[in-house]
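Q: Please take a close look at the pockets of this model. Then follow the surroundings outward, into the core and the aromatic pairs.

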Amino acid sequence: MNDSCSRQTIRKRDVIILGFAFFATYFGAGNLIFPPLLGLNSGSDFLSGLAGLTLSGIFLPIFTLIVIGLNGDVHTITDKVGKYTYRILLAALMLVCTFVSIPRTAATAIQLGVQGNFPAAPMIPLVVVYFLLCYFFVADPRNVMDRMGKYLTPALAFILVAIAIVGIFFPLGTPAEPAVDNPFVNAFLGGYNTGDVLVSFIMAAVFISSIHGKGYTAVGQRNKVLIYCGIVSFVLLLIIYGSLLYMGASVSQFYPQTIGRAELLVAIIQRIGTWVMIPMGLAVVLACLTTAIGQIAAVAEFTSTTSGGRVSYKKAAVACSLLSALTAFLGVDGIVTYIGWIFGVAYPPCLALLVLGIIGPVLPNHGAYKGSVYLVTLFACLESLPGLSGLAFSKAIVAAVPLSAYGFGWIIPFVGGLIGGSLLGHFTSETEALEAEAK
C-alpha cells in the first residue's frame, strides 16, 4: 500500500477517537494539579512558564511517542543498549505506574473530584469503586483505547475546554511579579512531574496496537495515523494546560507560594464560581480515570507478555489495581513527596533513548548507545537518588557539570558517553575482527 493510497483510506473518525484517547491517557492527575502551581510561580511572566511547560509536558511526550513509532517499537532502540535493557526499563516504569502514577490518579480523583464537592465522602469505598471502574474498561485489552475515545474523553474534553474559556476570557485577577528567577526553567522542570515522557514509553505498545486494531497495518500508514493522533493530543493539551497555568498566574497575588497543589486548584475553582464545582469535579474524575485505565492496561499487557503468558492479562490487571489501590490511601501529597526523585532518576535515561531514536541511523556502532545511556543513568542517580544524591561527592559532581542548574545536566554525560562509547565500540569490533582472522 503506497502513501497516497494510505492517505485516502485514513478515516478522520478514527484519528479523532484515538487522538482523544491518547490525550486522555496523558492528561491525568499531574496534568491537573501541576500547571496552576507553575502559573502561580510564573505570575506576570506566565508566557515563559507556558513555553517551558509546553516543551517538557506536551511536545516531548508526543514527540517521544512518534519517534518510538517511527523506529517500530521501544525494543528497536533499547536492544542496541543491551539484551535485557527493554525488560529492565519497562519493568521499572511499570513499577512507577503501579506505585506512583496510577495511585496518584485515584487519590486526586477522590480528594479533588469527589471530596471537593462532598467533603464527608469516605475514602476507602471510593477507592474500591474507582478501581472497579478501571477494571471494567481494562478487562478487554482489544477495546481499551476505543472505549475511552468514544465515551470518556469527549465528556472530559468538553468540560475542560468550557472551563478554559471561562478562565481565559473572565480573568480571576491580575498576575503578580514572578516568584521564581526563571519561569521557563521552573515550568520546564515542573513539566517532568506530569511523567508523560515515561507514559510514552509505557503506552507505546498499547497506542500502536490500538492503531493496528483499526486496520492500519502498513508501517507508513500506521505512522501517519500516529502523527495525526499526536497533533490532536497536542492541541487539546495546549488548550487545557495553557488555561490552567494562566488561571494560576491570575490568582498569584492572592495565594502564597507554599499553598498545596490540590488546595490551589480547589481555590481557583471556587473563585470561578460554585456552579463549576460539580463539572470540574467530574472532569477531575474522568481525567484521572482515563489515565489509570490506560496505564493498568499497559502494566497488564507487559506482565503477561514478559511472563510468557504464565500470568494472564486479567490476573495482572487485578494485581496492579489492588497494589495501586493500597498506595492510593497515602493521598495526593503523600504520593507527591516521593515522586520527584523517581522522575528525576527515570527521565534522563528516557530522554537519552529519545535522542538515540532520532540520531540512530548516523551512529557508527552500538557502543554509542551503551556509553550514552549508561553515563546518563549514572548521572541521574547521582543527581536524584535518595541517599546517593545527598553525599558530598555527588553534589560536587552534579554542580560541576554544565547546564545542571537548568535541568539539562544529563546532556554532557550523554555527549561524553556517545563519543566514548563509539570509540570503544570501534576498537572492540576491530579487535574481534582480528581475533576472528587469527582463528
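A: Start with the largest pocket. It has a lining of 17 residues. Ile 88, Leu 89, Ala 92, Pro 349 and Thr 377 lie nearest its centre. Three elements each give two or more residues to this lining: α6 (85-114), α15 (331-359) and α16 (367-384). α15 supplies the largest share, seven residues. The model is predicted, and the totals for linings use all residues.

The space in this largest pocket is about 420 Å³. Its lining is made up of 15 nonpolar residues and two polar ones. No charged residue is part of the lining.

Now the second largest pocket. Its volume is about 320 Å³. The lining here counts 19 residues. Nearest the centre are His 75, Tyr 86, Ala 205, Glu 301 and Phe 302. At least two lining residues come from each of α5 (74-78), α6, α10 (196-213) and α13 (277-306). The largest share belongs to α10, with six residues. By class, twelve of the lining residues are nonpolar, four are polar and three are charged.

One helix links the two pockets. α6 gives two or more residues to the lining of the largest pocket, and at least two to that of the second largest.

Next, the core. The largest nonpolar core holds 130 residues. Phe 27, Leu 32, Tyr 130, Phe 131, Phe 201 and Met 280 have the most contacts inside it. α13 gives the most to this core, 16 residues. α13 also supplies at least two residues of the lining of the second largest pocket.

Take Tyr 130 from that group. Leaving out residues up to four places away in sequence, Tyr 130 touches Thr 105, Ala 106 and Ala 109. Tyr 130 also touches Cys 288, Leu 289 and Ala 292.

Then the aromatic pairs. The structure holds ten of them. One is formed by Phe 59 and Phe 63, and it is stacked. Their ring centres are 5.2 Å apart, with 10 degrees between the planes. Both residues lie in helix α4 (residues 46-71). They are four residues apart, about one turn of the helix. Phe 59 has a relative accessible area of 37%, so it counts as partly exposed. Phe 63 is also partly exposed, because its relative accessibility is 29%.

Phe 184 and Phe 188 form another stacked pair. Here the distance is 6.3 Å centre to centre, and the planes are 20 degrees apart. Helix α9 (residues 183-192) carries both residues, four residues apart, about one turn of the helix. Phe 184 is partly exposed, at 29% relative accessible area. Phe 188 is buried, because its relative accessible area is 3% and buried means under 20%.

Ring pairs also join Phe 22, Tyr 26 and Phe 207 into a cluster.

Last, one single residue. Val 166 sits in helix α8 (residues 144-169). Its relative accessible area is 22%, so Val 166 is partly exposed. Neighbours within four places in sequence aside, Val 166 is in contact with Ile 272 and Trp 275. Met 247 is 81 residues away from Val 166 in sequence. In space, the two are 9.8 Å apart, C-alpha to C-alpha.

Notes:
Residues are numbered from 1 along each chain as its sequence is written. This is a predicted model: local features need pLDDT of at least 70, side-chain atom pairs count only at pLDDT 80 or more; totals for chains, interfaces and linings use all residues. Side-chain values use heavy atoms; hydrogens and water are left out. On a 1 Å grid over the protein atoms alone, a cavity is a set of points where a 1.4 Å probe fits but cannot get out, and a pocket is an open set with protein on both sides within 12 Å along at least five of seven lines; lining residues have an atom within 4 Å of a point. Grid points are joined across faces, edges and corners, and a volume is the space filled by probe spheres set on the points. Ala, Val, Leu, Ile, Met, Phe, Trp, Tyr, Cys and Pro count as nonpolar, Asp, Glu, Lys and Arg as charged, and the others, Gly among them, as polar. Buried means under 20% relative accessible area, exposed over 50%, partly exposed in between (1.4 Å probe, protein chains only). Contact means heavy atoms within 4.5 Å. A nonpolar core is a set of buried Ala, Val, Leu, Ile, Met, Phe, Trp, Tyr and Cys residues joined through side-chain atoms within 4.5 Å. Rings of Phe, Tyr and Trp (its six-membered ring) pair if their centres lie within 6.5 Å; planes under 30 degrees apart count as stacked, over 60 as edge-to-face and the rest as tilted.
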